[in-house]
Each structure stands twice: as structure tokens, then as C-alpha cells.
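Could you walk me through this structure in the viewer, one selection at a time? I would like to know what to select next and what is there.

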Amino acid sequence: MKIALSGYGKMGKIIEQIALSRKHEIVLIIDKDNLHEFTAENLKNADVVIEFSTPTSVLTNIRSCFAADVPIVVGTTGWYDELSNIKAECEAGNHALMYGTNFSVGVNIFFHINRLLAKVMNNYPYYEAQVEEIHHTKKLDSPSGTAITIAEGILENVDNKRGWKNVLVSDSPNADNETDAQAEELLIESHRIDSVPGTHTVLYDSDVDSIEFKHTAHNRNGFALGAVLAAEWLQHRKGCFPVTDMFNF
Ligand SMILES: NC(=O)C1=CN([C@@H]2O[C@H](COP(=O)(O)OP(=O)(O)OC[C@H]3O[C@@H](n4cnc5c(N)ncnc54)[C@H](OP(=O)(O)O)[C@@H]3O)[C@@H](O)[C@H]2O)C=CC1
Ligand SMILES: O=C(O)C1=N[C@H](C(=O)O)C[C@H](O)C1
């Protein structure tokens with residue numbers, strides 16, 4: 001498969017290595033310094049684009065792929081307010097797009113079990129639910145896209161929470177990390193610590209005990225492999241697909 005990379009940062013570079021190891025070819029690499037090469041003419045050489053750039057550039061890049069009618073796998077987070085518009089444009093133009101806050105197989109298993117666990121916990125409302133995410137200090141968005149997906153999985157299955165509220169916790173000893181979250185809001189606590197690839201925890205806390213459900217990424221390889229698997233899955237399809245469509249849970 002001929003792959004174009006949109007975004008050649010931490011993820012783009014690992015995706016390149018994994019794609020090559022799976023015998024794919026990288027035919028175009030777009031990053032901030034060569035955006036003028038993101039043209040329909042250049043995209044003609046690609047079977048699929050894998051997009052891991054920034055929340056402010058992703059929408060333009062998706063639309064460039066639609067204009068060139070090349071399938072696109074979007075890993076970039078922080079743009080989901082626009083998802084319904086992008087879905088409509090994708091379907092109206094008969095294009096192909098797969099999106100996901102997290103492409104790793106382990107996290108997608110976690111998403112599935114998180115929903116099942118929330119269904120069980122709905123019978124025990126004296127457990128207070130909370131989501132916690134820890135990422136590296138270079139991360140641009142907060143909360144993480146993954147934490148939002150986890151929160152949505154809980155909110156769809158419990159009756160005592162309506163919407164989520166994020167607090168970006170400073171780990172400095174003098175910080176005031178108070179939150180004005182209402183009882184019916186699900187709290188998502190974000191922490192930024194040097195070089196953490198991504199840790200997500202769901203907590204259910206009561207007066208007598210707590211239950212913790214946690215996913216820890218040891219590195220970025222799982223995200224990158226998932227993105228390449230998504231490109232292989234999407235290549236000959238049309239439509240707008242969430243990454244969950246790739247799994248049979
Ligand atoms: N869905 C998933 O499984 C995962 C999603 N992510 C998400 O992927 C995104 C990228 O993550 P990561 O690689 O760590 O971030 P990086 O900051 O390391 O990489 C982003 C790259 O995109 C470049 N860039 C800036 N503007 C454009 C543009 N207009 N078009 C193309 N590229 C551009 C940046 O250049 P410059 O640095 O010069 O600005 C940078 O090289 C984030 O949104 C992150 O949350 C990350 C991991 C897994
Ligand atoms: O920016 C990152 O690094 C990550 N972003 C994704 C997110 O926002 O959930 C996925 C992963 O956790 C790493």
C-alpha cells in the first residue's frame with residue numbers, strides 16, 4: 001500500500017517505521033515546513049493518508065484529502081466538535097475516513113470493558129466515578145481524546161452523571177487544584193508529566209473501598225500499529241467510520 005503521512009512528529013515517525021516493516025511504501029511526508037506539497041496532484045500517488053498533526057491543522061488536511069478523494073485515517077485529537085460536519089462532508093462526497101481518539105488495540109479493549117463496567121456500576125451509585133489521564137508536557141489538548149471517549153462510555157451507561165468536567169491538575173505542591181464540578185458532572189483529571197506516552201484510569205470510589213481500572217501505554221508503538229492496521233482496513237472502503245468498526249467486540 002502507498003501511504004502518505006500528514007504530520008511527521010512523534011507519531012508520524014513511528015508510523016513510518018511500522019508501515020515499512022509491514023511492507024508498505026511511504027510516498028509523501030507532509031509536515032509544517034512543506035505544507036505546499038499537500039496537493040491533489042501529489043496525493044494521487046497515495047492509496048491512503050495517515051493524519052497525526054495538530055488540532056488546528058487537522059480539518060484543513062482532512063478537506064484536502066476529500067478534495068483529492070484519497071482515504072484518510074485521522075489519529076489527531078482535539079477537533080471532535082467538528083465531527084458531525086466532517087461526517088456529512090465525507091458521506092456527501094462518497095469519501096473514506098476512519099477516526100479514533102486512540103488506535104491501540106489495548107485501549108480499544110479498555111474502551112469496551114469500560115462500558116461494561118459502567119453498566120455494572122450503575123447499580124451501585126454510591127461509588128463516585130472519575131477519569132484520570134496522564135500525558136507528556138508537549139500535549140496540546142486537554143483532556144486527552146481517549147479520556148473523552150472513556151467519559152462518554154461511562155455517561156452512556158450510568159444514570160447519575162450528566163456531562164463531564166475537566167481539570168488540568170498542576171502537580172506543584174502550592175497549586176490550587178480545586179474544581180467546581182457539580183455532583184452530576186463526571187470529573188476528568190488531566191496531569192502533564194515529562195515523556196509519559198499515555199496513562200488512563202477509571203476510578204470508582206466509595207467510603208469503604210475503591211475500584212481502579214487502568215491502561216498504561218509503555219510507548220507509542222501500539223497507537224502507531226493501530227493506525228497502520230486502520231489504513232489497511234480502510235483502503236478499499238467508502239464512508240466515515242469510527243475506529244471501533246475495525247474490532248469485533
Ligand atoms: N489516535 C491515536 O491513537 C493517537 C493520537 N495522537 C494524537 O496525534 C496528534 C499528533 O501527536 P504527536 O505525533 O505526538 O504530535 P507531534 O507534535 O509530535 O507531531 C505533530 C506534527 O505535525 C506537524 N504539523 C504542524 N502543522 C501541520 C500541518 N498543517 N500539516 C501537517 N503537519 C503539521 C508538527 O510540526 P511542528 O512541530 O513544526 O508544529 C509536528 O511535526 C495529537 O493530536 C495527538 O493527540 C497521538 C497518539 C495516539
Ligand atoms: O497526544 C498524545 O500523546 C496522545 N493522544 C491521544 C489522546 O489524546 O487520547 C492518544 C494517546 O493517549 C496519546
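Start by selecting helix 5 (residues 105-121) together with helix 6, whose axes come within 8 Å and cross at roughly 25°. Keep in mind throughout that this is a predicted model. A crossing angle under 35 degrees counts as roughly parallel, so helix 5 is roughly parallel to helix 6. Look along the pair and you will find that the crossing of helix 5 with helix 6 is right-handed.

Now show the side chains between them. Helix 5 brings V107, F111, N114, R115 and A118, and these meet T146, T149, I150, G153 and I154 of helix 6. Colour this contact by class and you get 5 nonpolar, 4 polar and 1 charged residues.

**Just before helix 6**

Next, select P143, in the loop between strand 6 (128-135) and helix 6 (145-155). Is the peptide bond from S142 to P143 cis or trans? It is cis, with omega near 0°. Most peptide bonds, by contrast, are trans.

**A second helix pair**

Move on to helix 1 (residues 10-21) and helix 7 (residues 221-234), whose axes come within 9 Å and cross at roughly 60°. That angle makes helix 1 oblique to helix 7. The handedness of the crossing between helix 1 and helix 7 is right-handed.

Which residues should you display here? On helix 1 pick M11, I14, I15, I18 and A19, which meet N221, F223, A224, L225, A227 and V228 on helix 7. The residues of this contact divide into 10 nonpolar, 1 polar and no charged.

**Ligand 1**

Leave helix 1 on screen and add ligand 1, because helix 1 supplies the largest share of the shell around ligand 1, with 3 residues. How many residues are around ligand 1? There are 26, and those that come nearest are G7, G9, M11, S57 and G75. M11 is already displayed, as one of the helix 1 residues that meet helix 7. By class, the shell around ligand 1 has 8 nonpolar, 15 polar and 3 charged residues.

**The two domains**

Zoom out and colour the chain by domain: domain 1 covers 2-103 + 221-246, and domain 2 covers 105-216. Their centres, taken over C-alpha atoms, are 28 Å apart. Where the domains touch, 10 residues of domain 1 are in contact with 11 residues of domain 2. On the domain 1 side of this contact, the residues divide into 2 nonpolar, 8 polar and no charged.

**Ligand 2**

With the domain colours still on, select ligand 2. Which residues are around ligand 2? They are T77, T101, N102, H135, K139, S144, G145, T146, G198 and F223. Both colours should appear, as the shell around ligand 2 draws at least three residues from each of domain 1 and domain 2. Two of these residues have turned up before: T146, which belongs to the contact of helix 5 with helix 6, and F223, which belongs to the contact of helix 1 with helix 7. The shell around ligand 2 divides into 1 nonpolar, 8 polar and 1 charged residues.

**Last stop**

Finish at N94, in the loop between helix 4 (83-92) and strand 5 (96-99). Check the backbone of N94 here: phi is near 55°, a positive value in a residue other than glycine. Most residues other than glycine have a negative phi.

Definitions and conventions. Residues numbered from 1 in each chain as written. Chains lettered and ligands numbered in written order. Predicted model: local features only at pLDDT ≥ 70, side-chain atom pairs only at ≥ 80, totals over all residues. Domains from an automatic or database assignment. Contact = placed C-beta atoms within 7 Å. Nonpolar A, V, L, I, M, F, W, Y, C, P; charged D, E, K, R; others polar. Near = placed C-beta within 6 Å. Axes fitted to C-alpha atoms, helices over the stretch in contact; angles between N-to-C directions. Helix = DSSP H or I, 4+ residues; strand = E, 2+ residues; numbered from the N terminus. Parallel < 35°, antiparallel > 145°, perpendicular 65-115°, else oblique. Left-handed = near helix turned anticlockwise from the far one by under 90°.
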